[in-house]
Amino acid sequence: MTSTPTLVWFRRDLRIADNAALSAAAAEGPVVPVFILDPVIDAHLGAAARLRLEASLRELGRGLDSAGVPLVFRRGEALPTLLALAEETGARTVRWTRLTDGPSLERDRVVKAALKDKGLKVESHDGFTLLDPWAVKTGVNEPYRVFTPFWRALMAREVPRPLPRPKVTGAPSPASDRLEDWRLAAPMGPAAPHLAAAFEAGEAAAFARLDAWLEGPAKGYDRNRDRLDMPDTGTNLSAFLALGEISPRQVWAAMDRAEGARGVESARRQLVWRDFAHMLLFHDPAMEQESWRRDWAAFPWRDDNEDAERWRRGETGCAVVDAAMRQLWVTGRMHNRARMLVASYLTKHLLTHWRVGEAHFRETLIDWDPANNAMGWQWVAGSGPDAAPFFRIFNPETQAEKFDPKGAYRDFWLKGDGAETFRAMRPKSWGAAPARAKPLVDLAAGRKRALEAWSEMRDKADAPVAAIAAEG
């Protein structure tokens, strides 16, 4: 133990338990925890995610305060802020949890090198994913390109057990910004209180949700996870995982309690899918903005357009799509099956580029995650790894009949309490909502147009591209 404090730089690991950086710092001596609102965060977080971040930071601050270790808030570039804090506190060590998306990786590389040049000890720790994104590779030491073999390879590995909650000792705390002064919720405007009422935040809430799921819905997860009218069937942990209020390893270990319950393996696959997405983004940081299958740049998707705007507003005239887009606006989340339906409708029936949808989700999701968002959109669009074939075009009406058989989901968001809340949150700039939106496209005609565009791209493609399309 040493009396010299360690700076722990929180980012998307907003928890105390199973936090390797915090545990290592606590073992060394006093700890100064800090959260920095830096340009990387400012540039990437949408309005809904900012509001969710504020709530999460408030809960983390309360948890650290109760341990006698105040969370320090600073705004500015990460490197000069950390150097200033090291000077103010006498800290000689800086620790953080690794993030592996492109902007975070580049920032952290620069920060780590510069801090070391100043004589500080710097260490990054794992824990944002089950395993580090470079840990699972093929027999020829290359990243996997298909999910199922990745799943098998990861399942053959041992996922580290989560760390216990450390006993943390505080140090004299430097000056801190007031979280309220950052006004993170401001971009949501008048809709902020409604959205804030739609979720809980923090470590305790994450575990309460996990326990509730394991005690009930886990038993039927594999049967019911696609049901739009059964919202509690899903784990509903995505927002907690996105900000690290709970770690995937904690969820993985907790699932051991429910082994034998139907649905647990299906839920484990979702955690591995998350690792798969982050592995892909680590090896191809451009995946957020470019088609993973680069030759899909030739596909004749439309850029942003009036149809896409009506899609964003939930005015497509397709009931299940409009219900899902209203759910997104009101709650900052959307059922996974609904995400596939609205993405397929935008990219295929409306022939609009997946980037348009990815950007809207980034702005409106409270569970936004750069890898999951990019991977999900490209999977549906057909341009991503292990993607659904482009010719698999969901018919939203038959999907609704199958997964919302009595219309409860659609009625709630189009006629019921959900519709009322949506009206209250609807921006005035959108003008008056139509009583009943006219369909933007005939579903059969939209499907035919999409398949013709895909066929035209295949015909013009070089042989390798044609092979990829055929494999789809």
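A salt bridge is a side-chain nitrogen of Lys or Arg within 4 Å of a carboxyl oxygen of Asp or Glu. The figures below show close-up views of a predicted model.

**Figure 1. A salt bridge between Glu-290 and Arg-294.**
In this pair, the closest N and O atoms are 3.2 Å apart, which is within the 4 Å that a salt bridge allows. Glu-290 has a relative accessible area of 40% and is partly exposed. Arg-294, at 37% relative accessibility, also counts as partly exposed. A search of the whole structure finds 36 salt bridges, and Figures 2 and 3 present further examples.

**Figure 2. A salt bridge that joins two loops through Glu-315 and Arg-426.**
The side chains of Glu-315 and Arg-426 meet at 3.0 Å, N to O. Glu-315 belongs to the loop between helices H13 and H14, and Arg-426 to the loop between H20 and H21 (443–460), so the pair ties together parts that are 111 residues apart in sequence. Glu-315 is buried, and Arg-426 is buried as well.

**Figure 3. Salt bridges at Arg-410 and around Arg-11.**
Arg-410 is paired with Asp-404 in a salt bridge, with the closest N and O atoms 2.8 Å apart. Both of these residues are buried. A network of salt bridges links Arg-11, Asp-38, Arg-107 and Asp-108.

**Figure 4. The largest nonpolar core of the model.**
This core has 91 residues. Those with the most contacts inside it are Phe-10, Phe-35, Leu-53, Phe-299, Trp-311 and Tyr-345. Helix H3 (residues 47–66) provides the largest share of the core, namely nine residues. A second, separate core has 40 residues, including Tyr-144, Phe-147, Leu-214 and Ala-258.

**Figure 5. The surroundings of Phe-299.**
Which residues does Phe-299 touch, not counting residues up to four places away in sequence? They are Leu-351, Phe-390, Ala-453, Trp-454 and Met-457. Phe-299 is one of the residues with the most contacts inside the largest nonpolar core.

**Figure 6. Helix H16 (residues 354–364), largely enclosed by the rest of the structure.**
Why is this helix described as largely enclosed? Eight of its eleven residues are buried, so the rest of the structure largely encloses the helix. The buried residues are Trp-354, Val-356, Gly-357, Glu-358, His-360, Phe-361, Arg-362 and Thr-364. They pack against helices H2 (39–44), H3, H13 (306–313), H14 (319–331), H15 (336–349) and H17 (370–381).

**Figure 7. Thr-364 of helix H16 and its contacts.**
Thr-364 has 7% relative accessibility and therefore counts as buried, the limit being under 20%. Leaving aside neighbours within four places in sequence, Thr-364 is in contact with Ala-48, Leu-328, Trp-329 and Gly-332. Thr-364 and Trp-329 are 35 residues apart in sequence, and their C-alpha atoms are 6.5 Å apart in space.

**Figure 8. Asp-222 in helix H9 (residues 221–224).**
Is Asp-222 buried or partly exposed? Its relative accessible area is 31%, and Asp-222 is therefore partly exposed. Asp-222 and Leu-241 are 19 residues apart in sequence and 21 Å apart in space, C-alpha to C-alpha.

**Figure 9. The second largest pocket and its lining.**
The volume of this pocket is about 490 Å³. The pocket is lined by 22 residues, of which Arg-326, Leu-414, Ala-435, Arg-436 and Ala-437 are the closest to its centre. Helices H14, H19 (408–414) and H20 (417–425) each supply at least two residues of the lining. By class, the lining has nine nonpolar, three polar and ten charged residues.

**Figure 10. The largest cavity and its lining.**
The structure holds four cavities of 30 Å³ or more. The largest cavity contains about 290 Å³ of space. Of the 19 residues that line the largest cavity, Arg-12, Ile-41, Leu-45, Leu-99 and Trp-368 lie nearest its centre. The elements that give two or more residues to this lining are H2, H3 and H5 (102–117). Helix H2 gives the most, with three residues. By class, twelve of the lining residues are nonpolar, two are polar and five are charged.

Conventions: Residues are numbered from 1 along each chain as its sequence is written. This is a predicted model: local features need pLDDT of at least 70, side-chain atom pairs count only at pLDDT 80 or more; totals for chains, interfaces and linings use all residues. Side-chain values use heavy atoms; hydrogens and water are left out. A nonpolar core is a set of buried Ala, Val, Leu, Ile, Met, Phe, Trp, Tyr and Cys residues joined through side-chain atoms within 4.5 Å. Buried means under 20% relative accessible area, exposed over 50%, partly exposed in between (1.4 Å probe, protein chains only). Helices (H or I, at least four residues) and strands (E, at least two) are DSSP runs, numbered from the N terminus. Contact means heavy atoms within 4.5 Å. On a 1 Å grid over the protein atoms alone, a cavity is a set of points where a 1.4 Å probe fits but cannot get out, and a pocket is an open set with protein on both sides within 12 Å along at least five of seven lines; lining residues have an atom within 4 Å of a point. Grid points are joined across faces, edges and corners, and a volume is the space filled by probe spheres set on the points. Ala, Val, Leu, Ile, Met, Phe, Trp, Tyr, Cys and Pro count as nonpolar, Asp, Glu, Lys and Arg as charged, and the others, Gly among them, as polar.
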